[in-house]
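These notebook entries record what I looked up on helix packing and strand pairing. The coordinates are shown below.

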Amino acid sequence: MEYSHRYRAYPNSEVVVAGEHQLNVHRQLYNHVRWDYTNSPEDDKPSEYAQNNKLPEWKRKWPLFAETYSKAAQATVARFHRNLSNLRKKKEKGHKVGQIKRQAPNDYRSVTYNQSGFNLNEKRGRSGFAYVRFSKVGWMKIRYSRPVPDYATIKEATFKKERTGEWYVSFSLETDDERIPEKPHVNTLNASNSVGIDLGIRNYIHTSDGKTVDWLNLEDDYERLRREQRHLSRKENGSNNYEKQRRKVAKVKRRIRRKVLDYQHKLTTWLVKEYDAVFVEDLNVQSMLQGDGNAQNKQDAAWRQFITLLEYKGDLYGTHVLQVEARGTTKECASCGVETAKPIWVREHSCPACGFKTDRDANAAMNVLQRGCSELGLGWPEDTPVESVTVPRNASRFWRANESFALVNATDAADFQRVSASHV
């Protein structure tokens with residue numbers, strides 16, 4: 001299993017100068033890789049392997065490239081081809097894609113060292129801190145908030161300068177599979193220890209057993225962002241005051257991202273600890289953002305990030321996480337399977353065929369659960385009728401809007417269950 005640890009870094013002035021120089025050199029190398037690929041014949045585009053073989057020649061021809069560490073330079077070439085592969089995959093799925101853009105100085109903010117060229121010293125410095133040495137850069141002090149496990153292998157190290165001016169160091173770790181908890185056998189799964197999740201509009205999520213989680217309230221943060229952006233628009237581009245204000249805007253954006261990520265970490269950790277199997281809709285997030293409606297709220301939801309975290313936590317805690325087809329989960333009746341068209345403003349499911357009534361999102365969540373069980377070959381247990389996992393339409397929510405920070409403040413599953421018990 002692969003995962004990562006990220007640490008705040010505190011480089012001294014000399015290391016800052018060296019780090020910024022390496023960022024600039026690798027940015028120019030990335031742009032040269034792009035230029036070499038773009039200007040090659042259509043029937044003879046160079047592969048990542050071919051461009052890695054060109055690196056010695058480029059270093060002789062342009063001495064600036066010789067200032068890079070060999071493995072870091074190869075990682076920069078790999079970054080271009082990884083971006084190229086991602087664009088190709090999107091195009092195959094029918095998305096409209098352009099070309100990889102040339103990187104401006106403010107766009108290229110990280111350098112990765114693959115396998116070698118870095119060294120972690122956990123004993124140097126006072127307690128709670130460590131040092132990482134990057135070739136061509138020097139020793140970088142980090143706040144060692146969580147030690148790298150002894151059984152984990154550091155495969156890559158990356159230093160990054162954020163738009164706020166802060167520096168971070170990330171380690172890509174690899175752990176043997178025997179260290180990962182074994183997932184429960186599918187024969188032991190049923191509706192009582194599994195859950196379906198509907199990623200909704202009125203609520204952030206709605207579970208098949210009747211729990212709802214409200215949206216994270218970010219209105220004050222967005223109001224501050226709009227205010228800071230207005231101040232930025234009045235500054236002269238390129239001036240010192242513009243740069244100071246730009247960093248203020250970046251810090252507000254960072255605060256929003258951190259709130260959303262923290263919210264999702266707490267929620268996904270609780271889900272994989274509470275259930276043996278979690279089923280979630282496979283959503284086309286990009287098309288949802290391009291459609292009509294409140295795109296800002298949809299983007300705040302960061303549903304693709306939420307699903308990615310859920311899958312990662314499922315492997316980490318030994319929980320089955322499966323994405324199921326999202327089409328028709330709202331229209332289809334969870335009790336009899338008859339489809340009924342419902343406009344977006346209709347929030348209640350009422351089946352004309354069997355008379356089953358419940359909340360619209362609850363019906364979708366139950367359909368997600370049934371589809372997940374079906375894909376795992378479990379079927380739907382007859383002794384667990386769908387009505388037993390519904391809640392009254394006007395029942396108390398899992399969290400109310402003014403109590404949504406209970407999740408953020410819950411530090412583990414026990415706290416999460418305590419908070420939920422007090423609000424259900």
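Entry 1, helix 1 and helix 3. I began with the orientation of helix 1 (residues 13-38) relative to helix 3 in this predicted model. Their axes cross at roughly 50° and come within 9 Å. Because angles of 35 to 65 degrees are neither roughly parallel nor roughly perpendicular, I recorded helix 1 and helix 3 as oblique to each other. I noted the crossing of helix 1 and helix 3 as right-handed. On the helix 1 side, I listed His26, Leu29, Tyr30, Val33, Arg34 and Tyr37. Their counterparts in helix 3 include Ala73, Val77, Phe80, Leu84 and Arg88. By class, I found nine nonpolar, four polar and three charged residues in the contact of helix 1 with helix 3.

Entry 2, helix 2 and helix 3. I then turned to helix 2 (residues 48-61), which packs against helix 3 (residues 70-92) at an angle of about 135°, the axes being 10 Å apart. Helix 2 and helix 3 are therefore oblique to each other. I entered the crossing of helix 2 and helix 3 as right-handed. Helix 2 contributes Glu48, Gln51, Asn52, Leu55 and Lys59 to this contact, and helix 3 contributes residues including Ser70, Gln74, Ala78 and His81. The contact of helix 2 with helix 3 divides into five nonpolar, five polar and two charged residues.

Entry 3, strand 7 and its partners. I looked up strand 7 (residues 167-174), which runs antiparallel to strand 1 (residues 2-9) and is joined to strand 1 by eight bridges. In this pairing I located Arg8 opposite Tyr168 of strand 7. Strand 6 (residues 153-161) is likewise antiparallel to strand 7, with eight bridges. Here Phe159 stands opposite Val169 of strand 7. The hairpin of strand 6 and strand 7 has five residues between the strands, and I noted that Gly165 takes a positive phi near 95°.

Entry 4, the open sheet. Which strands stand at the edges of the sheet? I read the order of this open sheet of five strands as 10-9-8-11-12, with mixed pairing. Strand 10 (212-213) and strand 12 (320-325) are at the edges; each has a single partner strand, so one side of each is left without a neighbour in the sheet. Strand 9 (residues 205-207) pairs with strand 10 in the antiparallel sense over two bridges, and I found Ile205 opposite Val213 of strand 10. Finally, I recorded that helix 9 (residues 360-375) lies across strand 8 (194-199), strand 9, strand 11 (277-282) and strand 12, and runs at about 130° to strand 8.

Key: Residues are numbered from 1 along each chain as its sequence is written. This is a predicted model: local features need pLDDT of at least 70, side-chain atom pairs count only at pLDDT 80 or more; totals for chains, interfaces and linings use all residues. Side-chain values use heavy atoms; hydrogens and water are left out. Axes are lines fitted to C-alpha atoms, for helices over the stretch in contact, and angles run from 0 to 180 degrees between N-to-C directions. Angles under 35 degrees count as roughly parallel, over 145 as roughly antiparallel, 65 to 115 as roughly perpendicular and the rest as oblique. A crossing is left-handed if the near helix is turned anticlockwise from the far one by less than a right angle, and right-handed if clockwise. Contact means heavy atoms within 4.5 Å. Ala, Val, Leu, Ile, Met, Phe, Trp, Tyr, Cys and Pro count as nonpolar, Asp, Glu, Lys and Arg as charged, and the others, Gly among them, as polar. Two strands pair if DSSP finds at least two bridges between them.
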